[in-house]
Amino acid sequence: MGHLIPFWFILITVLWTGFFILEGFDFGVGMLHDLVATDDAGRRAAINTIGPLWDGNEVWLIVAGAAMFAAFPGWYATMFSAYYLALVLLLASLIVRGLAFEYRGKRDAVDWRRTWDVGLTVGSLLSPLLIGVALGGLLHGLPINSAQNYTGSFWELLQPYPLFTGLTLTLICALHGATFLCLKTTDDMRERSQQLARRIAPFTGAAVVGFVIWTHVTYSSKFFLNPIELLAVLAAIAAVWLVYEDRTGFAFAATTITIASCIVAIFVGLYPNVMVSSTNAAYNLTVHNTASGGYTLKIMTIVVIVFLPVVLGYQAWTYYVFRRRISAKEFATSPQERGVPKAGDAPAQ
């Protein structure tokens with residue numbers, strides 16, 4: 001069953017990549033929903049662009065964690081022990097986001113809604129930042145001893161490369177969300193989304209180029225960029241150009257490729273390790289010394305082959321059903337906000 005070990009590493013890479021592609025624009029919309037709107041109707045419209053989608057997208061994170069637990073329990077145990085406090089903060093961020101979606105509209109009070117708006121923004125900002133720091137730390141290295149135990153503190157997780165990885169993924173999510181809002185909104189709201197994307201794009205492009213160069217120079221022995229790293233750079237540059245050209249659909253595709261390439265680059269640089277030990281290279285956790293037994297991998301492979309296509313099919317159908325654009329006028333509370341003239345006003349010419 002040795003061939004199933006690399007298969008499961010690839011599958012976990014795919015799951016993390018899928019999570020960031022789908023939940024990435026969710027995070028971006030959450031970060032930006034208050035900036036692209038001028039009133040409560042606009043904020044509600046922004047939230048409703050991802051309203052039917054966000055909880056399904058988060059399933060990818062759960063499945064990625066479950067796959068790590070099933071296929072590489074040693075990796076799961078050490079990683080979750082090392083990132084214990086960071087994971088608590090991540091869970092708090094995700095919980096606050098979920099509560100904001102569910103509870104924001106439960107009371108018709110300005111302070112109530114603004115409180116949940118702040119929670120949605122902060123939760124959407126912290127989540128990709130924390131996950132990015134965690135993924136960057138896997139490649140950068142953590143103090144791990146010969147018994148595969150983490151021996152450092154929380155503050156040792158906050159090294160420059162992991163922090164920059166988190167910042168880069170957060171910026172990509174913001175641009176990903178801005179281009180998604182351009183695709184899903186209309187009129188003035190779409191224009192504001194486009195302006196916001198133009199402001200974010202240069203910083204995102206620069207961060208991706210810096211991340212790729214840092215990753216390659218530090219964690220690769222080859223002179224030239226590998227195809228995944230090169231793809232990330234080209235996609236980021238293309239995303240910036242397409243945003244300024246107002247080619248929204250292609251810009252969203254470019255941000256999708258950018259975020260996917262960055263995640264894959266981390267895992268490609270990591271393999272065959274799953275966690276690098278900064279204490280001693282001999283203590284590195286690898287796909288072989290952390291993997292489950294052959295029987296477990298075989299059963300889990302059968303489960304994946306049966307159920308993964310069902311999940312993908314259902315999610316594709318969901319995106320098709322909720323594909324239409326959202327207008328802020330749909331959530332207006334007065335006739336004037338909906339564009340209906342007051343009685344006695346001259347009709348528009």
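Where does Pro272 lie? Select it to begin: Pro272 lies in the loop between α10 (248-270) and β1 (273-275), where helices (H or I, at least four residues) and strands (E, at least two) are DSSP runs, numbered from the N terminus. The model is predicted, so local features need pLDDT of at least 70 and side-chain atom pairs count only at pLDDT 80 or more, while totals for chains, interfaces and linings use all residues. Residues are numbered from 1 along each chain as its sequence is written, and side-chain values use heavy atoms, with hydrogens and water left out.

**The loop at Pro272 and strand β2**

Show the backbone at this loop, and the peptide bond from Tyr271 to Pro272 appears as cis, with omega near 5°. For background, most residues other than glycine have a negative phi, and most peptide bonds are trans. Now select Thr286, which sits in strand β2 (residues 285-286). Contact means heavy atoms within 4.5 Å, and Thr286 touches Pro272, Asn273 and Val274, when residues up to four places away in sequence are not counted. Thr286 has a relative accessible area of 17% and is therefore buried; buried means under 20% relative accessible area, exposed over 50%, and partly exposed in between (1.4 Å probe, protein chains only).

**Helix α1 and Asp26**

Move next to helix α1 (residues 4-32), whose 29 residues should span 42 Å at 1.5 Å a residue, and whose end C-alpha atoms are 41 Å apart, which agrees. The expected span of a helix is 1.5 Å times one less than its number of residues. Centre the view on Glu23, where α1 bends by about 35°; the bend at a residue is the angle between axes fitted to the seven residues ending there and the seven starting there. Of the 29 residues of α1, 24 are buried, so the helix is largely enclosed by the rest of the structure.

Within α1, select Asp26, which is buried at a relative accessible area of 0%. Leaving out residues up to four places away in sequence, Asp26 touches Ile50, Leu53, Trp54, Asn57 and Arg97. A distance drawn from Asp26 to Gly293, C-alpha to C-alpha, should read 36 Å, for a pair 267 residues apart in sequence.

**Helices α3 and α11**

Two packed helices are described by the angle between their axes and the distance between the axes. Display helix α3 (residues 54-71) together with helix α11 (residues 294-321): the two pack at an angle of about 175°, with their axes 12 Å apart. Axes are lines fitted to C-alpha atoms, for helices over the stretch in contact, and angles run from 0 to 180 degrees between N-to-C directions. The helices α3 and α11 are therefore roughly antiparallel to each other; angles under 35 degrees count as roughly parallel, over 145 as roughly antiparallel, 65 to 115 as roughly perpendicular and the rest as oblique.

To see the residues that meet, show Gly56, Asn57, Trp60, Ala70 and Ala71 in α3 against Thr296, Leu297, Met300, Leu312, Gln315 and Tyr319 in α11. By class, this contact of α3 with α11 has 7 nonpolar, 4 polar and no charged residues, where Ala, Val, Leu, Ile, Met, Phe, Trp, Tyr, Cys and Pro count as nonpolar, Asp, Glu, Lys and Arg as charged, and the others, Gly among them, as polar.

Stay in α3 and select Ala64, which counts as buried at 0% relative accessibility. Ala64 touches Leu15 and Trp16, again not counting residues up to four places away in sequence.

**Helices α6 and α7**

Helix α6 (residues 110-140) has 31 residues and reaches 45 Å from its first C-alpha to its last, close to the 45 Å expected. Just beyond, Gly141 follows α6 with a positive phi, near 115°. Go on to helix α7 (residues 160-184), where 25 residues reach 36 Å from first C-alpha to last, close to the 36 Å expected. In α7, 19 of the 25 residues are buried, so this helix too is largely enclosed by the rest of the structure.

**Two aspartates with positive phi**

Which residue of helix α8 (residues 187-219) should be selected next? Asp187 is found there, with phi near 55°, a positive value in a residue other than glycine. Asp187 is exposed, with a relative accessible area of 53%. Ser327, in the segment after α11, is in contact with Ala45, Thr186 and Asp187, leaving aside its neighbours within four places in sequence, and is buried at 14% relative accessible area.

End at Asp246, in the loop between α9 (227-244) and α10, where phi is near 60°, also positive in a residue other than glycine. At 34% relative accessibility, Asp246 counts as partly exposed.
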